[in-house]
Amino acid sequence: MPQASCSKVDTMMTKTVALIGTFDTKGEEFSFLRDRIESTGLQTLMIDVGVLGAPPFTADISREEVVAAANENLEALKTERDRGRSIAAMAIGATAILGRLFEQGAIHGVASLGGSAGTTIATAAMRALPYGFPRLMVSTLASGDVKPYVGTTDICMMPSVLDIAGLNHVSRRIMSNAAGAICGMVASETAVALDQKPAIAATMFGVTTPCVTAARHTLEERGYEVLVFHATGIGGQAMEKLIEDGAFRAVLDITTTELADELVGGVMSAGAHRLEAAGRKGIPQLVCPGAIDMVNFGPEETVPAQFRSRNLYVHNPSVTLMRTTPEECAEIGRITAVKLNRASGPVTVLIPLRGVSAIDKIGGPFYSQEALNAYRQALRASLSPAIRLVELDAHINDEGFALAAVDLLMESLGASLEPKVAPIPRRGTR
């Protein structure tokens, strides 16, 4: 990969914000943003990802360098005038350049301005940076669905309100605010000992909160740091990515509800690869069928027509839950077993026999012993004998269930944890 030619990379003495953009079409706006950032005492590093026109100033890292980092040829891109291919090439090159700068410690934050092309290129590069690194995207697309640009990261998306086409009293104020935002992020950055405590990932939904909260408090008392992910689809994806990155010692996967959405077609699926990363990494995992009794949709009127006659529960005006059938629960059990059978590390499956969510309990709107039994039977039929299966005569939100979950996970980690209350009798342990 080519090395940046700008002396800023090699000689800077203060923190530096990388500005990445199409300077041929938005040079005036980036000049204004650069000046506002530098007025605070920070440095900037300008990375040009434009293709066709001439930029109004010399970038610190030229478009030629960016294209070369993607193993492409700038003149060929200019000749072809294929917008999609040019955007893809610049995104690949910018990702490589930005990653190298981060590894060198040459940048401490990154910001950009853009429409659809600029946003696509800049956020692709930003997504490759680690969690917590200051990233700001001022975009014409920021007030809509930003999932394609943010993904599972913590990129800060800021609406530009106006198109990024010239300076005026509104755009100057917005860009000044953007400069203040990225400078504030960079200035507030503190050194964090990432491995100060061993970290455990946990999954939670509103209907499994008591269980996960009790487990988290117990684990924290034992010296662990617990990172809780909201099992809303994007939460599961974020956890899987961090597991792949080696961020966790173990996983307390209490809430596998995203499997139900993936199977049935709800709005909170975490994708086809949920429940796989921990197995590939070989780290201990404890898995529960938390909230598999439900599939998530938006407002009641948005529930697909084929599901209108099903058992629906309006959780709030924005979320409608649909009870999974015994057949669907059986398939979730089979899918869970197939995924866990591939794991290279220790796995425990823990099943609460009195219900898997706050509304799946005796007298609750989603209570169904038939559905839970279908899950259990399908899981048992497919689960490898090498995987420990424990069933407790408890509800998932009972305190004793949470303590038992922690105890079992600690056993997998090779540690001991004495329960603080009398353990609930276990059934079907193998």
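Among contacts in the protein chain between residues at least 6 apart in sequence, 72% join residues at least 24 apart, with contact meaning heavy atoms within 4.5 Å. Keep that in mind as you click around. This is a predicted model, where local features need pLDDT of at least 70 and side-chain atom pairs count only at pLDDT 80 or more, while totals for chains, interfaces and linings use all residues. Residues are numbered from 1 along each chain as its sequence is written, and side-chain values use heavy atoms, with hydrogens and water left out.

**The whole chain**

Start with everything on screen. The C-alpha atoms fill a box of roughly 75 × 50 × 40 Å along the principal axes. Switch to cartoon and you have 15 helices and 15 strands; these are DSSP runs numbered from the N terminus, helices being H or I with at least four residues and strands being E with at least two. Of the 430 residues, 54% count as buried. Buried means under 20% relative accessible area, exposed means over 50%, and partly exposed is in between, using a 1.4 Å probe and protein chains only.

Now turn on a surface. The chain exposes about 18100 Å², and carbon and sulfur atoms supply 53% of that; the areas come from the Shrake-Rupley method with a 1.4 Å probe, and for residues only the protein chains shown count as cover. Colour by charge and you get 39 positive and 46 negative side chains, the centres of the two sets lying 2 Å apart. Lys and Arg count as positive, Asp and Glu as negative, and His and the chain ends are not counted. Each charge is placed at NZ of Lys, CZ of Arg, CG of Asp or CD of Glu.

**Aromatic rings**

How many aromatic pairs does a search of the whole structure find? There are 6, where rings of Phe, Tyr and Trp (its six-membered ring) pair if their centres lie within 6.5 Å, with planes under 30 degrees apart counted as stacked, over 60 as edge-to-face and the rest as tilted. Select Phe 23 and Phe 30: their ring centres are 5.1 Å apart and the planes sit at 65°, so this pair is edge-to-face. Both Phe 23 and Phe 30 are buried.

Next, hop over to Tyr 313 and Phe 366, an edge-to-face pair with 6.2 Å from centre to centre and 65° between the planes. This pair links distant parts of the chain, 53 residues apart: Tyr 313 is in strand β11 (residues 312-316), while Phe 366 is in the loop between β13 (347-352) and α14 (369-382). Tyr 313 is partly exposed at 30% relative accessibility, whereas Phe 366 is buried, at 1%.

Go back to Phe 23 and Phe 30 and add Phe 57, since ring pairs link these three into a cluster. Show Arg 34 too: Arg 34 lies over the face of Phe 57, 5.3 Å from the ring centre. A charge sits over a ring if NZ of Lys or CZ of Arg is within 6 Å of the ring centre and within 35 degrees of the ring normal.

**Around Thr 255**

Select Thr 255, in the loop between β8 (250-253) and α11 (258-264). Thr 255 is buried, with 0% relative accessibility. Beyond its neighbours within four places in sequence, Thr 255 contacts residues including Met 204, Phe 205, Arg 274 and Ala 291.

Two of those partners deserve a click. Met 204 is in strand β6 and, leaving out residues up to four places away in sequence, touches Val 212, Val 228, Phe 229 and His 230, among others. Ala 291 is in the loop between β9 (285-287) and β10 (294-297); Ala 291 is buried at 0% relative accessibility and has a positive phi of about 65° although it is not a glycine.

For another non-glycine with positive phi, try Asn 71, at about 60°. Asn 71 is in the loop between α3 (63-69) and α4 (74-80), and is exposed, with a relative accessible area of 74%.

**Helix α10 and a far loop**

Which residues in helix α10 (residues 234-244) are buried? They are Gly 235, Gly 236, Ala 238, Met 239, Glu 240, Leu 242 and Ile 243. Their cover includes β6 (199-204), β7 (225-230), β8, α11 and α12 (277-281). Just after α10 comes Gly 246, whose phi is positive, near 80°.

Last stop: Asp 163, in the loop between β5 (156-159) and α8 (169-187). Asp 163 is exposed, with 54% relative accessible area. Draw a distance from Asp 163 to Gly 235 and you get 31 Å, C-alpha to C-alpha, for two residues 72 apart in sequence.
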